[in-house]
Amino acid sequence: MGENKECSSMVDNCEEVPTKEVIEFRPPLYKQRYFFVKNLVQQHKPKKVADLGFGDATLIWMLKYHHCIEHLVGVDTYAGSTSQWEISNLSPSVGDYLVPRDLDLTITLYRGSAVQKDSRLVGFDLMTCIELIEHLDSEDLAKFPEVVFGYYSPRIIIISTPNSEFNPLFPASTFRHLDHKFEWNRIQFQTWASDVANLYDYSVEFTGVGSPPAGAEHVGYCTQIGVFQKNEAKATESCISTPEEHVYETVFTTAYPSLQEKKNLLLVLSAEVLRASNSMRLRFIVDPKKKKVNGRLVPEDSCVPRYGLIVTDAQRAQIESSPKPYCVGKKFYVPLERLITFPKVNRLVDSVERLRSLLSEALKLNRDQSALQVDLHDHYSRTMLSY
Amino acid sequence: MFPPFFFFLLYNTHGFHIRFHVEELQLATRLQATSLKERKRFGGIFRDHVVDTRQYLEHVRESTTGTLGRPVKLFTNHFRVTSRPQQVTYKYNIDYLPDIEDGKVRSELLLQHKAFIGECHIFDGSSLLLPHKLLLLKNQVVKLTIEFISELSPNSPDCLRYYNILFRRILKQMNLKQVGRNYYNKQEATEFFDHKLVIWPGYVTSILEYETSITLCADVNHKLLRMQTAYDLITGLRDPQTKKEDVEQVSKELIGSIVFTLYNNKTYRVDAINWEDNPRTKFKKSGGAEITFVDYYREQQYNTEVTDLTQPLLISKGKWKKSQQDTPHKPIMLVPELCYLTGLSDKMRKDYRVMRDLALHMRLDPEKRQHELRKLMNTIQTNREVQRELQLWDLKFDTNFMSFSGRILKEVRIFQGRRAVRQLQNDWSRETRSGPLLNVKSLDHWLILYPTRNYGAASSLVQSLRKVTPTMGIAMREAKMLEVSDTVQSYTTVLENHVSSKTQMVVLLLLSFKVLCVLSSEKKDLYDGIKQYLCVNCPTPSQCVVARTLDKPQTLMTIATKIAQQMNCKMGGALWKVETGLQNAMFIGIDCFHDIVNRRKSIAGFVSSINQELTPKGSECVLETTGLKEHEPRTALKLWCKHNQFLPQAIIVYRDGVGDGQLQALMDHEVPQIESSLRSVSPNLVRKVKLTFIVVKKRINTRFFVESQGRLQNPLPGTVIDVEVTKRQWYDFFIVSQSVKDGTVTPTHYNVIHDTVCFTPDRIQYLTYRLCHMYYNLPGVIRVPAPCHYAHKLAYLVGQSIHQEPHHSLASRLFYL
């Protein structure tokens, strides 16, 4: 049942373990945190995203499916030499070559600490610190705002941390994880967060995931989250002046194929163009009404495919108003002006000129390069006709 | 000299017996079951390699090497392992509590203890190989137990398995992308824009021990990526007028095919199509919540948009293993739009432009192959990370192709009657038609059925047959010409009315353009329907001719000759013979056909010869899913007795269609089965019938080359290799029997696993090579001994077209040719 399953994580999230009758989150709490991040990504469409304390890279893996992201970076002090899991899930798969992304994506994992400065992390749109700060000792916690807010200074920062007010609902009365240096209640977190926000000119909003059970609403979310947004987002775009400082060690990096690379664009474009021309060709073949105009066999029908490739009536109308495909001898021609009205072709190239220059490298065009040329009959249409 | 005529499946009416069982797999299931148990420890080929079949073969104790033929210097795509660990290594068993299935997680957990295990280690998922002994674990942080199993001596086959794992790791480090079992270089991809295809070049490798050394065998392999989804296929088959998909057509094209899902990089086999549901249908997630497919792909996981909400869904029953066929699976639903097609479709195979472009690219000649493999070896030598990894184990590879001496066997003499036929570069098509055939059948009562408006083609066929048959010695009377329309119904009605017991042959003119291999599915129905009728309901030999092949006047005579010869064979005639050097020997060929559409039904073709002076050969054909049943060799023997009044002295079985890892099972089940049936036929016989059992393998990665004028080229047909790359514990050899025009020739591997005839290497090699000349459909040499290929043809016809037991009266004919 591979693809229909929830992603399974290797994280040993202590919150989820406690005995069932007490509290069980659905979906599991770690997933709720990740989905919180995903939603924010959906909303703000950041290009550069960094996850501080990426752990097993599950969040990074989930985020790689977002088309808006071009740089995805993970930093973790425990990033050992990369594991099989990370390599196979973060590396591009065959599918990524078949359907390249629109934009480039590079994923890089660094070994390093969130309290060390590395200039490669400057200028990001979004930084996430999911369940990170509670692992910092007081010395590091003191350095943390200066590095993340002051130096890295991304547009948005998400910080999540356990809400200790929720803890009495768990059977064990200790911290949720052995390595936790502290667990704050809402006031503690919000005070710290507001102070930091003020100092570095961010505004902060508080929310959380993991709703308390009925009757215990007063304790608040199990995980409390602060979303920090930089106040003068535009002004500090120019971070390039920061001196290069490479402290983090790169443990893994990979680049995804994208349509920015011409080869990939050609492949996807020609597949899409052939798909469109094929649907018109089949309609043309079965259409009995055709007339001869200047040696061309032109259909009376508009030759617009009725399914799949088109979604809206407006799109249909646009295709209908473009020049019709025609046939000369055993060849079928589709004017580029028509091809470009197909939404999925149009998405890839914006002008007929560009379409022409690209297609001339990949497929056959007619002599004046105004139309795509394909064989009128292939094996299938031949057998279809023989009925 | 030996009185030597070997005719395969020839003209006696009862000589052949055919039997079909459409039952569940028995042997195959058993084979699978045992192999599954073992799989974790020993993968397919490794298990075969530890089976010592030679130990029982007294007569080749000293040597399995022959001497006949002209020596030739050969190269092979094997690279000698020049250095490897010389000390003992230590094997540890790794257990997880609770048990973890995911191999990745298993290795992940283990690698957390890298500091303890050390940099230098090989882990295969359940056991660990180390060059040093571990000190006792102080505390078990993870619930993971490391248990010492054994010390492995440097020569242990177990070690090789670990080297292979290591080598795969190396390929990964070289930035090759793993797809399935092999590794591909995406940087050197080639795009075919107009075919919507991409090809990644890659490698297949294995490190194994052979006669004198351990070698790395490497071959070039290609991965085909198609830019076409199952959805494209479905919409492509939609009738543009009614907008309805042709349900049957879509099922035919999709079911059984393997699709690749983008989002999770997995492959599934399509088992059915669900036309009732669509992507808006809800399904239950593992958590129990219901969600539509559209929402699932968009929101939950993959950020993927499904655009057509009316498409049907594909159903896959999940990973299929024969041995697990009874365990219930929950079927998986897939959205066609997200499923990419894999492999070559029939449609593409029929498109000569696609095939031409692909062949140009994928069919490497020896020079190019060597070039590609050199590149691999160079990268291994120069890549620093790879070298570091190899040095940890002290592994080194030679960078040059291994070289040794092979032998070219003398040309085989072909006889037509008393006439010896001259071979011209292993082709005697011209010679066969210039004189009388070996055994001629006259055509007295025969029919020609032609589709409406094709009388012209039919009569031109008859005229040309008139011209070519006299020289071949075939007497031909007037045929009855009958017109039919192009439907199964029409053909069968006409046949019903005109075929009598006297009818020797029915010639069917068809409109479709290729008869056996690939027909468009509609035409295939016609072909299947007619063949089924003529093989089961109304058993008569038949010959299909595609009308279009008769269009070209310049080739008409050649085609007519071919048709006449084929008809002659089908009626029980014989075309030519070779000397086998054996008296009273019965030859058996066995091959399997796996029906991909109806997963369960595999079919084994069993063909045997029955004749004492080796003239009429009885071939019993058993087509079925099971391995061998006792009665088949027995019936074959009985038939032989009927014709010869005595039993054959020896039975030589060529067994094709054996998968990796089944060698032991063959030894344990199939060979004893045949032996016991031999005993049961003649329990009182003083002299035992001798048996030789040879396993034939066509799909191998070993290639051979000769150097000529400074270039690597394919070895000549008849080249035999029985040194260096054969195995010490086998009585095996390679023969390059066929010649190829372009690309690299694939040798065939023969493994004699049982031999009470006590063939010397020279004799068995010669015999095998000669049998490769006995396939009547081709006046030339084929890749495998003819019995194997006939068995294959039979299995294929039944599996692909007839799907049931042909009428027993046909058993004596080569009706499947």
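Which residues is B:Trp446 in contact with, leaving aside its neighbours within four places in sequence? The legends below take up that question and then visit a few other spots in this predicted model.

**Figure 1. Around B:Trp446 in the largest nonpolar core.** Once neighbours within four places in sequence are set aside, B:Trp446 is in contact with B:Leu465, B:Met476, B:Arg477, B:Glu478, B:Ala479, B:Lys480, B:Met505 and B:Val507. The largest nonpolar core holds 78 residues, and B:Trp446 is one of those with the most contacts inside it. B:Leu509, B:Ile652, B:Tyr654, B:Ile764 and B:Leu767 belong to that group too. For a second view, turn to the separate core of 66 residues, which includes A:Leu109, A:Cys222, A:Tyr256 and B:Ala230.

**Figure 2. B:Asp48 in helix H2 of chain B.** Here we look at a residue of the helix that spans residues 44-49. B:Asp48 counts as buried because its relative accessibility is 4%, and the cut-off for buried is under 20%. A polar atom of the B:Asp48 side chain lies 3.3 Å from the backbone nitrogen of B:Gln662. Leaving aside neighbours within four places in sequence, the residues in contact with B:Asp48 are B:Gly659, B:Asp660, B:Gly661, B:Gln662, B:Leu663, B:Lys697 and B:Trp730.

**Figure 3. B:Arg711 in strand S36 of chain B.** Strand S36 covers residues 711-713. Is B:Arg711 buried or partly exposed? With 43% relative accessibility, B:Arg711 counts as partly exposed. Beyond its neighbours within four places in sequence, B:Arg711 is in contact with B:Glu367 and B:Val706. The partner B:Glu367 is 344 residues away from B:Arg711 in sequence, yet the two C-alpha atoms are 6.7 Å apart in space.

**Figure 4. Two buried cysteines, A:Cys129 and B:Cys569.** A:Cys129 counts as buried because its relative accessibility is 0%. The value for B:Cys569 is 0% as well, so B:Cys569 counts as buried. How many disulfides are there over all chains? The count comes to 0, with sulfur atoms within 2.5 Å as the cut-off for a pair of cysteines.

**Figure 5. Chain B as the setting for these views.** Stepping back, chain B has 21 helices and 39 strands. Of its 817 residues, 59% count as buried. Among chain B contacts between residues at least 6 apart in sequence, 73% join residues at least 24 apart. Chain B exposes about 34300 Å², with carbon and sulfur atoms supplying 50% of that area.

How values were computed: Residues numbered from 1 in each chain as written. Chains lettered and ligands numbered in written order. Predicted model: local features only at pLDDT ≥ 70, side-chain atom pairs only at ≥ 80, totals over all residues. Heavy atoms only, no water. Helix = DSSP H or I, 4+ residues; strand = E, 2+ residues; numbered from the N terminus. Buried < 20%, exposed > 50% of the residue type's maximum accessible area, 1.4 Å probe, protein only. Polar contact = N/O pair within 3.5 Å; in protein donor to acceptor, adjacent residues only side chain to side chain. Contact = heavy atoms within 4.5 Å. Core = buried A, V, L, I, M, F, W, Y, C linked by side-chain atoms within 4.5 Å. Areas by Shrake-Rupley, 256 points an atom, 1.4 Å probe, with all protein chains shown as cover.
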